[in-house]
Amino acid sequence: MKLDERKMKILKAIIQNYLETGEPVGSRTISKLPGLRLSSATIRNEMADLEDMGLILQPHTSAGRIPSDKGYRLYVDNMMQEKEKEVAQMKEFLIEKVDRVELLLKQMAQVVAANTNYAAMISAPTLHQAKLKFIQLSQVDERKLLVVVVAEGNIIKNTMIDVEEKLRMEEVLKLNILLNSMLNGLTISEINLGIITSLKEQAGIYSKVVADVLEAVADAIKGNNPQIYTSGATNILKYPELSDRSRARKLLTTFENTAELNQLIHDIGAEENTGIQIYIGNENQNQNMQDCSIVTARYELGDGLQGTIGIVGPKRMDYERVVGTLRILKEQLDRIYHGSD
């Protein structure tokens, strides 16, 4: 069944208001909602049509309307189509953007290593204090829910969760409204104990579902360890002070160890300063790099996406040239990103 835009808006308003209050919804209540701009008389006529179509019911004479099972079904199907389309568009955009950025960062790492004669590392962009955009709970069966979490930067996380209590469609809709109304637009640090407690209290017997959803939200927002692109590791072995067998082995092992590089990037990224930073010798957290200097800069691609560029060389590196190179790289990434939107 297809409805015209006005009828669909009124049906959605009735369902959403009923889910929030549990009370029959009258035309006067609907007329006060923002965005409709319809008179009570017009709304009453449309509600009469919706009732004739079997989408809403009038439980008592002179009372407002409540959704029928048929109305719920149309609402849910329409909502799922909209969300699936939105998620599909976001995934397509994200894949295209990630592919483009990945190639760009690989090329930049190679160019930096070749131009400076040092080693280069560039981390793929990850979310920094990303905000939650929306949550979509979809019922797979009575005891399983698909949770789709979309965070700022169009990062999408799909998680399947088990539920202890059987869920009806009405409960799933209520949980969707509850979670989105309280969490949308928040960063992970803003989802505090008070919000979590309130969510669980309002969810009642489905508090465990809320806890599982919050875990999926945290996972989506905090992200995973980023891909790190390196180039020119053997360049630093050209310098006598770094070329003896023991030092060379440690340095090369570090560049091949994704976990160590991720930890190094994490330690750098934890600092508040977003400008160019220089770490000399023992200032480096990684013991294998304490005979080196590391010069880093954080770059931004918008939508909360940030990454780190690092140049590794001997303590006697040409700092002026390296800092100049990083400034140019930051400017190029900013230009490339904004020029491709």
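Helix axes here are lines fitted to C-alpha atoms over the stretch in contact, and angles run from 0 to 180 degrees between N-to-C directions. Keep that in mind for the opening item. One caution as well: this is a predicted model.

Start with two helices. Helix α1 covers residues 5–21, and helix α5 covers residues 169–183. Their axes come within 10 Å and cross at roughly 90°. Angles from 65 to 115 degrees count as roughly perpendicular, so α1 is roughly perpendicular to α5. Who meets whom? From α1 we have Gln16, Leu19 and Glu20. From α5 we have Glu170, Leu173, Lys174 and Ile177. By class, that contact has 3 nonpolar residues, 1 polar and 3 charged.

Now the cores. The largest nonpolar core has 26 residues. Which of them have the most contacts inside it? Ile135, Leu137, Leu183 and Val213. Five names to follow on the structure: β5 (132–141), β6 (144–151), α5, α6 (193–203) and α7 (207–222) are the elements that give two or more residues to this core. Helix α7 gives the most, with 6 residues.

Zoom in on isoleucine 135. Leaving out residues up to four places away in sequence, Ile135 touches Val147 and Val148. Ile135 also touches Leu179, Leu183, Val213 and Val217. Three asparagines complete the list: Asn176, Asn180 and Asn184.

Apart from this core lies another, of 24 residues. Among them are Leu104, Ala109, Tyr118 and Ile122. Hold on to Tyr118 from that list.

Next, the loop between α4 (69–116) and β3 (119–123). Asparagine 117 lies there. Most residues other than glycine have a negative phi. Asparagine 117 is not a glycine, yet its phi is positive, about 70°. Is the residue buried, partly exposed or exposed? At 32% relative accessibility, Asn117 counts as partly exposed.

Tyrosine 118 lies in that loop too. Tyr118 is buried, with a relative accessible area of 7%.

That brings us to aromatic pairs. The count comes to 1. The partners are tyrosine 118 and tyrosine 239. The ring centres are 5.8 Å apart and the planes sit at 35°, so the pair is tilted. Where is tyrosine 239? In the loop between β8 (228–231) and α8 (245–256). So the pair ties together parts that are 121 residues apart in sequence. Tyrosine 239 counts as buried as well, at 14% relative accessibility.

That's the tour. Questions welcome.

Technical notes: Residues numbered from 1 in each chain as written. Predicted model: local features only at pLDDT ≥ 70, side-chain atom pairs only at ≥ 80, totals over all residues. Heavy atoms only, no water. Helix = DSSP H or I, 4+ residues; strand = E, 2+ residues; numbered from the N terminus. Parallel < 35°, antiparallel > 145°, perpendicular 65-115°, else oblique. Contact = heavy atoms within 4.5 Å. Nonpolar A, V, L, I, M, F, W, Y, C, P; charged D, E, K, R; others polar. Core = buried A, V, L, I, M, F, W, Y, C linked by side-chain atoms within 4.5 Å. Buried < 20%, exposed > 50% of the residue type's maximum accessible area, 1.4 Å probe, protein only. Phe/Tyr/Trp six-rings, centres within 6.5 Å; stacked < 30°, edge-to-face > 60°.
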